[in-house]
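User: I'm new to this structure and would like a close look at one part, the open sheet. Could you walk me through how its strands are put together and what lies across them?

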Amino acid sequence: MYKLLSHNDLDGVGCGILAKLAFDKQVNVRYNSIGSLNREVEWFLENDNKDTFLFITDLSVNEDNEKRLDEFYQSGGKVQLLDHHKTALSFNDYEWGHVLVEDNEGKQTSATSLLYEYLVTNQLIKPSSTITEFVELVRQYDTWEWERNDNLKAKRLNTLFFLVSIDEFEENMIERLNKSEEFNFDDFEQKILEMEEKKIERYIRRKRRELVQTEVDGQFAGIVYAESYHSELGNELGKEYPHLDYIVILNIGGKRMGFRTIHDDVDVSEVAGVYGGGGHEKASGSIMNDQAYKRFVTETFRLNPLKEDAKRNRFNLKRSTFGSLYKNRTGDIFLLYQVNDKEWSIEKNNNNMEHTYTSYEEAEKFLKRNYQAWLERDEAFVNYLMDQVKK
Ligand SMILES: [Mn+2]
């Protein structure tokens, strides 16, 4: 018999699907949140048959279970941990651990791609082009490579995953992977996927107006409350507000937090580490302990949300030769303008601020970090120019 303990996201469930394709009725699969895995491992070690082969995928265990699993392995037990999270790299010290973040071609891995490789190498699964494509879609979604490749099929696979129950998704995928030659969505799925995508768009638009900004340990964070669509939300908010180092998504009901960044020089697995969590450089999570609750909830609850930049302007545009007009909540007006090829400068309430910047982006980042200013609408810009002319 086999037992597979995996994560409850698409990548984790991808592992369960592969295990069922490989072992059929010989495997017992359980999906876990990051918090519930350790209980499952303890239960396995205390109650399960000693001959059962244990797989742990897309998650890693705490220190106590790390020791217990090694004792289990040393006394002849069969266990294999497969993960691709940077924070789990130390499990490579064990013969039963295999953690790989990037393969030798520099391609980012996912738990599903690692398990597939393991099963194929050990001749436990018969590879097929359909399964290979499914694994690649899961990998691209989990690593966000789909976005660079504009691979909407990968994104849609994840959307579908959240539309149905895990059991239904599993069953549906196993049937598809067992027979079809190519991995495709049917007409009905296409239709509900379109509806769901529109719904997610509206949800994100609403959340964009709820984001508050705060400074934590020298970094700027944007905080939002949300229970669903965490990856989409983290990504969209990060792009809407690039002056923020990372986005914190608070799930109060689940007492959890997610951290996302779009910046290469920010590592949110370190941020999550401060609160006892972990994950990837670009996406991580942790439970909400008292310290985190105080920092992200209590201390920011009264803050006003950031205002979005005006979007339909024809005149007050970023990088405009007339300058770009910004405003903040206390009514200060800022004009961001180019001085020469290499310099950008800011006027605050018609007074030049001393510092200059090497790019528009740098100057705007300063404005948004320090004043939470937003790009004004055309109307205000025109009024501002007329006032200048009168003077
Ligand atoms: Mn994963």
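Analyst: Let's begin with one bridge: Asn340 has Glu343 of S14 as its bridge partner. This is a predicted model, where local features need pLDDT of at least 70, side-chain atom pairs count only at pLDDT 80 or more, and totals for chains, interfaces and linings use all residues. Residues are numbered from 1 along each chain as its sequence is written.

Asn340 closes strand S13, residues 333–340, which pairs with strand S14, residues 343–348, in the antiparallel sense over 6 bridges. (Strands are DSSP runs of E, at least two residues; helices are runs of H or I, at least four; both are numbered from the N terminus. Two strands pair if DSSP finds at least two bridges between them.) As a rule, strands of a sheet pair through backbone hydrogen bonds, either parallel or antiparallel.

Now zoom out to the open sheet: 5 strands in the order S15-S14-S13-S12-S16, with antiparallel pairing. Strand S15 (351–357) and strand S16 (374–375) sit at the edges with a single partner strand each, so one side of each has no neighbour in the sheet.

What lies across these strands? Helix H13, residues 360–371, lies across S12 (324–327), S13, S14 and S15, and runs at about 160° to S13. (Axes are lines fitted to C-alpha atoms, for helices over the stretch in contact, with angles from 0 to 180 degrees between N-to-C directions; contact means C-beta atoms, placed from the backbone, within 7 Å.)

As for the wider layout, the protein is divided into domain 1 (2–185), domain 2 (207–300) and domain 3 (324–390), with bounds from an automatic or database domain assignment. Taken over C-alpha atoms, the centres of domain 1 and domain 3 are 50 Å apart.

Definitions and conventions: Contact = placed C-beta atoms within 7 Å.
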